[in-house]
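Grab a coffee and have a look at the model below. Then try the exercises before you peek at the solutions.

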Amino acid sequence: MIRVVLGHRGTLVRGALAAVLARESDLDVMAELERADEVLTAVRLRPHVVVLDPQLPGKVGVEDLCRKLTGRGVLVLVDHEALAATSLALVKQAPRIGLIATDATPQQFVEAVRDVAKGLPVVDVRLAVAALRAGDNPLTERECEVLRQVTTGATAQEVARTLSLSAGTVRNYLSRILAKTGARSRIEAIRKAQDAGWI
């Protein structure tokens, strides 16, 4: 029996992924989680495979989370249409972690979970090529996370609440983002980061 932990920010998607895996007699979904911090706690359940959303919120970034999940298989679901810097960093961790596109079929997803559990490499070729073309990202993972929150129109205070930071820390991140991207405004920084594939 392959024990699986699912970490995804979307309740509906998380439930759908769990339902797909639950149909298989050799797969057991042990936990469905919505924050990166919860995934680290769930590792005590000793899953064989941890399935992750690269946009999973929490105090621990997904790139760091993948590094901390040594000794177990990790499969990351990546949207190749919205490839971000996080995905590029994750591709560099392959084949230690698996990468599958969100437009994969349910059967491809199930087979990817099985392959990761066996220690086999799972890397979607389109993701690898797109990530390598994205170029180096000057922003840290946390800065990308802050900027993604800003794309929703959230204020510094709202971003702070969402990411469990102080408003001053968020403003500091935004200042660094503007400096690193050479942007004069948050909107310009968002546009530059999205055009470069960083967020």
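Here are three short exercises on this predicted model, each with a worked solution.

**Exercise 1. Find out how the overall size of the protein chain fits a compact globule.**

Start with the chain length, which is 199 residues. For that length, a compact globule would have a radius of gyration near 16 Å. The protein chain comes out at 17 Å, so the value agrees with the globule rule. For the outer dimensions, the C-alpha atoms fill a box of roughly 55 × 35 × 25 Å along the principal axes. As for what's inside, you'll count 10 helices and 5 strands.

**Exercise 2. Split the protein chain into its domains and say how far apart their centres lie.**

First, mark the bounds: domain 1 covers 2-134, and domain 2 covers 141-196. Next, take the centres over C-alpha atoms; they are 25 Å apart.

**Exercise 3. Describe the interface of domain 1 and domain 2.**

Step one is the contacts: 14 residues of domain 1 meet 8 residues of domain 2. Step two is the area, with about 730 Å² buried between the two domains, 34% of it on carbon and sulfur atoms. Step three is polar pairing: there are 0 salt bridges, but 2 residue pairs are in polar contact. Now ask who supplies the domain 1 side: α3 (62-68) and α4 (85-91) each give at least two residues. The largest share, 3 residues, belongs to α3. Finally, sort that side by class, and you get 6 nonpolar, 4 polar and 4 charged residues.

Terms used. Residues are numbered from 1 along each chain as its sequence is written. This is a predicted model: local features need pLDDT of at least 70, side-chain atom pairs count only at pLDDT 80 or more; totals for chains, interfaces and linings use all residues. Side-chain values use heavy atoms; hydrogens and water are left out. Domain bounds come from an automatic or database domain assignment. Contact means heavy atoms within 4.5 Å. Buried area is the accessible area (1.4 Å probe) that two parts lose on being put together, summed over both. A salt bridge is a side-chain nitrogen of Lys or Arg within 4 Å of a carboxyl oxygen of Asp or Glu. A polar contact is a pair of N or O atoms within 3.5 Å; within protein, one must be able to donate a hydrogen and the other to accept it, and residues adjacent in sequence count only if both atoms are side-chain atoms. Helices (H or I, at least four residues) and strands (E, at least two) are DSSP runs, numbered from the N terminus. Ala, Val, Leu, Ile, Met, Phe, Trp, Tyr, Cys and Pro count as nonpolar, Asp, Glu, Lys and Arg as charged, and the others, Gly among them, as polar. The radius of gyration is taken over C-alpha atoms; the globule rule is 2.2 Å times the number of residues to the power 0.38.
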